[in-house]
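Subject: A structure for you to look at

Hi there,

Here is the structure I promised to pass on. Please open it alongside this email, and take your time with it.

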Amino acid sequence: MPAPLHTPNVTTRRHILRRLALGTALAATGGLAWRAADTGVIGPLSPDPWQAWAELELPGPPALRIARAGILSANAHNTQPWRLRVEDEAIDVLVDESRNIGDFDPFRREQWQSLGCLIETMAVFAPEVGRQASITLLPDGTGPRAARLALMPAPAAASDLSRAIRHRHTERAPFADKAVAPEQLAALAALADDPALRLTLIPADAPAAGLFARGSVEATRAIVADPDMNGASHHWMRNSPRAVARHRDGISVATAGLSPVMTTIAQLLPEPSPEMIGDYWVGGTEQAVAASAAFGLIQVRDLDDRRGQLAVGRLWQRLHLTLTVAGLAAQPLNQMAEMVDRDRATKQSRGWAEKLGAIGGDPAWHPTFLFRLGHPARTAPASARRPLEMVLVT
């Protein structure tokens with residue numbers, strides 16, 4: 001495993017102590033029970049932000065059930081940037097351009113990768129309800145329709161991957177101190193059967209892993225120091241169960257990789273500032289890269305090609321489902337790629353493309369999706385989802 005990069009972040013510790021002091025004051029004044037009820041830490045939540053996970057099992061027309069599976073897909077910052085038009089035997093996938101991560105994703109690269117994840121999930125799930133998906137990407141050219149799935153009758157057959165849709169979650173906590181066998185990494189790398197993509201897996205003891213780990217932490221610090229990027233990230237933070245239930249999207253404290261006890265404490269405390277959350281993120285990234293069995297890169301020749309972005313998302317979704325079947329966990333770590341985009345958008349030259357290129361190893365192939373994988377130390381929680389009726393269009 002990569003060694004810790006440096007001693008714990010003093011600013012993070014100071015902020016935690018400050019928030020704990022505020023929490024103690026709440027308890028001393030009898031406000032803790034009120035705070036617990038007000039934030040939704042205790043008591044039922046309405047609407048239920050996780051109802052979409054249970055609704056996958058509801059009976060209904062095949063196309064509707066396939067669409068329900070699709071909205072459980074991986075996606076950037078849990079923005080859920082999709083709209084679905086469901087017909088009897090077809091589904092159109094449209095981009096919801098309003099649901100983006102702003103300066104984090106100036107060219108909407110990650111937004112379209114998210115659509116690719118949804119397309120792959122629906123294709124994987126379709127046989128479970130007796131359908132085979134014939135996929136046409138970008139049927140209108142450049143969008144906003146990302147894909148059309150024509151659903152043809154087929155023998156009903158659930159697969160390991162389709163069953164894994166119910167259990168695939170991003171794990172942000174440190175992984176267990178256990179390596180992944182080289183032959184297992186080789187089998188995972190073989191999932192990239194599209195000649196337009198390149199998938200590279202880097203064991204934690206390889207020299208490139210150190211570059212990946214250090215670059216990820218440095219890029220996280222750079223994002224936190226950039227007010228526009230940090231603000232764009234904070235827009236999608238949901239700090240209490242009540243906020244999660246209201247929005248049913250975004251990154252929540254419950255999915256941040258904290259222990260159950262620390263999650264409850266964090267949800268009870270006053271809402272942190274963007275700067276405080278940024279400090280937590282830096283510290284969490286340091287811990288994450290120090291406890292990973294391997295790192296991965298998905299590379300493309302053209303960063304801006306929409307078809308290629310969809311293909312990247314499809315590969316990531318299939319890879320994550322495969323990892324879930326194998327009992328492994330994964331987390332995107334796209335900070336370096338995001339800093340490359342930030343430099344491109346602001347016409348700066350701070351060396352991020354060169355740092356990332358040194359890890360990728362071939363200047364003709366550009367890393368566009370970065371991640372870590374390993375053995376989970378605990379079960380990752382499900383993230384909130386908007387129910388299907390909120391994303392349907394006619």
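Below are some notes on two helix pairs and a few single residues.

First, some ground rules: this is a predicted model, in which local features need pLDDT of at least 70 and side-chain atom pairs count only at pLDDT 80 or more, while totals for chains, interfaces and linings use all residues. Residues are numbered from 1 along each chain as its sequence is written, and side-chain values use heavy atoms, with hydrogens and water left out. Helices (H or I, at least four residues) and strands (E, at least two) are DSSP runs, numbered from the N terminus.

**Helices α8 and α15**

A good place to start is helix α8 (residues 207–225), whose axis comes within 9 Å of the axis of helix α15 (residues 352–360), with a crossing angle of roughly 155°. Axes here are lines fitted to C-alpha atoms, for helices over the stretch in contact, and angles run from 0 to 180 degrees between N-to-C directions. That angle makes α8 roughly antiparallel to α15; the classes are roughly parallel under 35 degrees, roughly antiparallel over 145, roughly perpendicular from 65 to 115, and oblique for the rest.

On the α8 side, the residues that meet α15 are Ala208, Leu211, Phe212, Gly215, Glu218, Ala219 and Ala222, and their partners in α15 are Trp352, Lys355 and Ile359 (contact means heavy atoms within 4.5 Å). By class, this contact of α8 with α15 holds seven nonpolar, one polar and two charged residues. For that count, Ala, Val, Leu, Ile, Met, Phe, Trp, Tyr, Cys and Pro are nonpolar, Asp, Glu, Lys and Arg are charged, and the others, Gly among them, are polar.

The length of α8 can be checked too: at 1.5 Å a residue its 19 residues should span 27 Å, and its end C-alpha atoms are 28 Å apart, which agrees. The expected span is 1.5 Å times one less than the number of residues. Buried residues of α8 include Phe212, Gly215 and Ala219, where buried means under 20% relative accessible area, exposed over 50%, and partly exposed in between (1.4 Å probe, protein chains only).

**Helices α4 and α5**

In the second pair, the axes of helix α4 (residues 62–70) and helix α5 (residues 109–125) come within 8 Å and cross at roughly 135°. α4 and α5 are therefore oblique to each other. Arg65, Ile66, Ala67, Ala69 and Gly70 of α4 meet Leu118, Thr121, Met122 and Phe125 of α5. The residues of this contact between α4 and α5 comprise six nonpolar, two polar and one charged.

**Single residues**

After α4, have a look at the loop between α4 and β1 (82–86), where His77 lies. Asn78 is found in the loop between α4 and β1 as well. Most residues other than glycine have a negative phi. Phi of His77, though, is near 55°, and phi of Asn78 is near 50°. His77 counts as buried at 18% relative accessibility, and Asn78 is buried with a relative accessible area of 4%.

Ala146, in strand β4 (residues 145–153), is buried, with a relative accessible area of 0%. Leaving aside neighbours within four places in sequence, its contacts include Val93, Trp112, Thr136 and Leu310.

Finally, Asp160 belongs to helix α6 (residues 160–164) and counts as partly exposed at 47% relative accessibility. The C-alpha atoms of Asp160 and Ala326 are separated by 9.8 Å, although the two residues are 166 residues apart along the chain.

Enjoy exploring!

Best wishes
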